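Here are my notes for you on this model. Keep the structure open and check each point as you read.

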Amino acid sequence: MSDRTGPFDDGTADDRDDELRSLLRAGVAADAPTEAEAEDELGVLRPRFEHARRRRQTGLAVAGAAAAVLVVVLGLAALGGDDRQQLDTADRSTLPTASTSTTTTTTAPGPTPTTVGVPGEPEATAPPTSLPGTPGPGSTLPSAPTTATPSGPAAPPTTTTPPAPAGGTQEAVAAGGSATLTWTPTSLTVVSTRPAPGWSVERVERPDATRAVIRFRRDGGGSGSSTSTIDARMRDGALEVQT
């Protein structure tokens, strides 16, 4: 059921009831309702009147609250403007004032020429006087003595010794034949022996791992020595051969 307002919105509930009863009793139409029907109709309309009255009171309360809020907002805006103005004024008053400094340059007075006047003669100008310790025109300051620094003896040249070979193979030759030797700084090996014509290998001796002695013997005799020897050994990491 929609809310409707009528001519009885204003006034109290008792006044509206009395007016409704007077209209119902007047019987404007031929089929005017009875008093019982009027009471029923009044009971139906009463909630509408109450609802309309409550809406009106609510609207008045809302309007009053809105007006109060608007007043508060305007007051705060005005106070805020005054505060900003005061803060601006305070900030401007606390800013440091730029100071200007004046630098005065003083020039030491130099020697002033003295003019001597003699009556009847042109004025003569005395030469300027110099301060003690100050060189005059055309003079030069003495230079500081220069002390020569003696140089020490030149460093001797550095001699680089090539490293000893780590090993290799060498052919040892004697009158009775030759032998191929392979060696390292700590060992010596006889690879092969080749006796000369008319000679033969008598024996190969190995006193230790770093020495080998190969002895040749002449076959069928002949002139000269009948034996020949190759003595090879490792000494200080190098191979030495004696025949």
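1. Start with the surface. Val 72, Leu 76 and Leu 79 make a nonpolar patch of about 300 Å². Bear in mind that the model is predicted.

2. Now take one member of that patch, Leu 76. Where is Leu 76 found? This residue sits in helix α2, which covers residues 35–94. Is Leu 76 buried or exposed? Its relative accessible area is 56%. Exposed means over 50%, so Leu 76 counts as exposed.

3. Move on to the sheet. It is open, has three strands, and follows the order β3-β4-β5. The pairing is antiparallel. Which strands lie at the edges? They are β3 (168–174) and β5, and each of them pairs on one side only. On average, neighbouring strands of this sheet are turned by 20° against each other, direction ignored.

4. Look closer at β4 and β5. Strand β4 spans residues 177–184, and strand β5 spans residues 187–195. The two run antiparallel. How many bridges join β4 to β5? There are eight.

5. Next, follow the chain from one strand to the other. A hairpin makes the link between β4 and β5, and it passes through two residues. Thr 184 has Ser 187, in β5, as its bridge partner.

6. Finally, find another facing pair. Which residue of β5 does Leu 181 stand opposite? It is Val 190. As background for viewing strands, side chains in a regular strand alternate between the two faces of the sheet.

Conventions. Residues numbered from 1 in each chain as written. Predicted model: local features only at pLDDT ≥ 70, side-chain atom pairs only at ≥ 80, totals over all residues. Heavy atoms only, no water. Patch = residues over 30% accessible without salt bridge, like charges linked within 9 Å, V, L, I, M, F, W, Y side chains within 5 Å. Areas by Shrake-Rupley, 256 points an atom, 1.4 Å probe, with all protein chains shown as cover. Salt bridge = Lys/Arg side-chain N within 4 Å of Asp/Glu carboxyl O. Helix = DSSP H or I, 4+ residues; strand = E, 2+ residues; numbered from the N terminus. Buried < 20%, exposed > 50% of the residue type's maximum accessible area, 1.4 Å probe, protein only. Pairing = 2+ DSSP bridges. Axes fitted to C-alpha atoms, helices over the stretch in contact; angles between N-to-C directions.
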